[in-house]
Each structure stands twice: as structure tokens, then as C-alpha cells.
Amino acid sequence: DVKALIDKLDKENALSLDEWEELIRGRCDQVAEYAAEIARQRSKEIFGNRIYTRGLIEISNYCKNNCYYCGIRRDNRQVERYRLSREDILSCADIGEELGFRTFVLQGGEDAYYTDQVMCDLIREIKERHPNCAITLSLGERSEESYRLMREAGADRYLLRHETADKDHYKSLHPQEMDFDHRIQCLYTLKDLGYQVGCGFMVGSRGQTPHTLAKDMVFIQNLQPAMVGIGPFVPHHETPLKDQAQGTVEETLYLISLLRLLQPKLLLPATTALGTIDPRGREKGILAGANVVMPNLSPISVRKQYELYDNKICTGDEAAECRHCLGNRMQSIGYELVVDRGDAPV
Ligand code: SAM
Ligand code: FES
């Protein structure tokens, strides 16, 4: 039965494709609670009640891609585009270190303005000013040469969600010019270059099934990433997927728990998207086995413009200080934000 599969996953940290599918299909409240309890325990054994934070700096909402689900896709003429200058980004990092962040995530659309030269200068400068901080990049698909140069300049980690491990599903979520095999290859390249790599996917994206999710889990089992970011799909009103249903809290939490059992040392964020569809989503994510939060550190003036999906939280003036807000939220469930780079445990 399903609980036996959870025990097996907990013990062996691996399942077959068929077992994964059965486990994912078999979710009910009772099974999910069973998985969450063990997942929370595993997380506590490794991380205690310490939650890692990453300061998220959304450097640009220009993007050359046209993903069907994404609010900053190229064809969305309604977004006001922005890009942060070198000075803007450096000042975010300065403020961030002051606030207690020891990791900065530079995320953005695929924007040609950020050439290898621009990125490498920026990475070096951040590292010079904040030698005790880690830099995570999340800038989409780039060349191997580009990944190498940025790694040499000092970048430590790279987040590139694989989005789905099923090629046909991938094709149904992206226009033809986007290539599934290339995205997967990027993840292996990044790993070879010595980055701590994060992959991930949206829960409840159009066309996702227990079978495609089982493939995601097997893919992760093989890749052995340092981090996996998952959050619910949330529709954006200016995209082709605007009428699709959003992903559910329950399924997202269940998959977080299963990921914790698959790889106990995994860095697993309770994402902003989860906090968007449920006011206590991030707290629930931690209680399901997550151990990372990524507070927004972007300048307030641009936050509304980095709207990947509708009603994204932390974009108003009242959200100026997400680190403190999240600190309080974590305290309310018996956890604490720590001042730490939060590298993947070896
Ligand atoms: N351009 C980079 C890339 O492609 O990896 C980083 C930025 S991209 C906007 C970051 C992630 O946002 C994507 O990997 C996707 O999973 C997520 N995302 C985009 N649209 C979303 C939506 N409507 N709901 C939930 N997540 C979404
Ligand atoms: Fe941004 Fe709470 S985390 S306002």
C-alpha cells in the first residue's frame, strides 16, 4: 500500500518509475500527513529548527522567451519592463548583508543586456564587498562558456527549474524554439562546472499527470541536485494559460514531503508561489519538510513588475521588509531564520 511505499522511500531514498506514480496517485489527507511527519523529522535531524534564507534580487523582467505560463513572457505587452543597473544590484546586496542575508539570488528573464562581461564584473564586485556571502544565479539557459566564466568569477550556485521531465509535456508548455534537451543538458553542464545546482517544477501545470510527476522524481533521483524549487502553478491573466486552474496547496506540500524523503539533505524552499495561494503557505511548506525561504530583496519600486503570476505576494509597500516578516512567520511555528550561507550539506 501507499504507506509502505513511503517507508521504502524513506529507507532506500529511491523508487522505480511505477512506484513513484503509485505513490503520487495515492495521495489522501492521511497519507500526506504520514509523509509530512517523517519528512519533518528528517529535516529536523539535519537542519534542526534552522531555516536558511536567500535574498532574492529580481534583476530584470525583460525576457526573450515566451513560455505559455509566465507573466513576463516576451509577448506580454502589458508589462512595464525594467532592468536593474549594476549600482542597483550592489545596493540590494549591501542592504541584504546588513539585514542578515548570506546568499543573494540574482534572478531574471533571459535578458541579453546581462552579457558575460556584465555578469562577471558584477559577481566579482559582490564577492569583493561580501566575501562571506554566496551568489546564486537564476538567469535561464546560457552557453557552457558563459556558465564557466560566471563560475570562475565566483558564482556558487545556479537555479534552473527543469519545469517537467517529460518531453511532450515540456513542448506543450513552451513554444517550439525552446528545447527540452538543451535545458536538461544545461543542468548537467552546471553540475560538471561545480555549481550547487537547483532544478524544479510547477505543481499543477497544464498537462501534468501522476506519470509526468513520477518522471520528475526519477529525474531528480538521477541528477541528485543540491536544491529543488517547487511551487504551485498560478495563472497570469496576460498569458495563454490564463484560464487554467492553479496548482493546489495539498499536492505541493505532499511533493515537498516526498522530495525530503528522497534526498534528506536537499535544500527545499517554501516558495513565494505557495505563500501566494495560501496565506500560511510558506509555514505549511516548512512543516511539510522544506528548510529554505527566499524573501524578496528587490527594490520596492520594481517588485510589481516582476509579476510571474497574478496576485504575487510581497509586491506592495507594506512588504518592504520580507526578512522580518518571514522571521516572525517562522517563529510562529517554532523555527528560526539563521544568518548563514546555507550551503548544501555534504
Ligand atoms: N528566466 C529564468 C529561468 O527560466 O529559469 C529564471 C526566471 S523564471 C520566471 C523562474 C521560474 O518561475 C520558472 O522556472 C517557473 O517555474 C516559474 N514560473 C513562471 N511562471 C509561473 C506561474 N505562472 N506560476 C508559477 N510559477 C511560475
Ligand atoms: Fe514578504 Fe511577508 S515575506 S511580506
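# A tour of the helices and sheets

Start with helix α9, residues 210-223. It lies across strands β6 (196-203) and β7. Its direction runs at about 175° to β6. Keep in mind throughout that this is a predicted model.

**The six-stranded sheet**

Now select the sheet under that helix, the one that holds β6 and β7. How many strands form it, and in what order? There are 6, in the order β2-β3-β4-β5-β6-β7. The sheet is open, and its pairing is parallel. Go to its edges next. β2 (55-60) stands at one and β7 (227-232) at the other. Each has a single partner strand, so one side of each is left without a neighbour in the sheet. Look along the sheet for the twist: from one strand to the next it averages 20°.

Zoom in on the β2 edge. Show β2 together with strand β3, residues 103-108. The two pair in the parallel sense over 5 bridges. For a landmark, select Leu-56. Which residue of β3 stands opposite it? Val-105 does.

**The three-stranded sheet**

Next, select β8, β1 and β9. These 3 strands form an open sheet in the order β8-β1-β9, again with parallel pairing. The edge strands are β8 (292-293) and β9 (336-337), and each pairs on one side only.

Centre the view on β1, residues 50-53. On the β9 side, 2 bridges join the parallel strands β1 and β9. Arg-50 stands opposite Glu-336 of β9. Turn to the β8 side. β1 and β8 also pair in the parallel sense, over 2 bridges. Here Thr-53 stands opposite Val-293 of β8.

**Helices α4 and α5**

Hide the sheets and show helix α4 (residues 86-99) with helix α5 (residues 116-129). Their axes come within 11 Å and cross at roughly 30°. That angle is under 35 degrees, which makes α4 roughly parallel to α5. The crossing is right-handed.

Add side chains. From α4, select Arg-86, Ile-89, Leu-90, Ala-93, Asp-94 and Glu-97. From α5, select Leu-122, Glu-125, Ile-126 and Arg-129. These residues make the contact. How many of them are nonpolar, polar and charged? The α4-α5 contact divides into 5 nonpolar, no polar and 5 charged residues.

**Helices α3 and α10**

Move on to helix α3 (residues 29-47) and helix α10 (residues 249-262). The axes of this pair come within 8 Å and cross at roughly 45°. α3 and α10 are therefore oblique to each other. α3 passes α10 in a left-handed crossing.

Show the side chains here too. On α3, pick Val-31, Ala-32, Ala-35, Ala-36, Ile-38, Ala-39, Arg-42, Ser-43 and Phe-47. They meet Tyr-254, Ser-257, Leu-258, Arg-260 and Leu-261 on α10. Colour this contact by class: 10 residues are nonpolar, 2 polar and 2 charged.

**Zoom out**

Finish with the protein as a whole. How many helices and strands are there? The protein has 14 helices and 9 strands. Switch to the C-alpha trace. Along its principal axes it spans about 55 × 45 × 40 Å. What does the radius of gyration say about the fold? With 346 residues, a compact globule would have a value near 20 Å. The protein has 19 Å, which agrees.

How values were computed. Residues are numbered from 1 along each chain as its sequence is written. Chains are lettered from A and ligands numbered from 1 in the order in which they are written. This is a predicted model: local features need pLDDT of at least 70, side-chain atom pairs count only at pLDDT 80 or more; totals for chains, interfaces and linings use all residues. Side-chain values use heavy atoms; hydrogens and water are left out. Two strands pair if DSSP finds at least two bridges between them. Helices (H or I, at least four residues) and strands (E, at least two) are DSSP runs, numbered from the N terminus. Axes are lines fitted to C-alpha atoms, for helices over the stretch in contact, and angles run from 0 to 180 degrees between N-to-C directions. Angles under 35 degrees count as roughly parallel, over 145 as roughly antiparallel, 65 to 115 as roughly perpendicular and the rest as oblique. A crossing is left-handed if the near helix is turned anticlockwise from the far one by less than a right angle, and right-handed if clockwise. Contact means heavy atoms within 4.5 Å. Ala, Val, Leu, Ile, Met, Phe, Trp, Tyr, Cys and Pro count as nonpolar, Asp, Glu, Lys and Arg as charged, and the others, Gly among them, as polar. The radius of gyration is taken over C-alpha atoms; the globule rule is 2.2 Å times the number of residues to the power 0.38.
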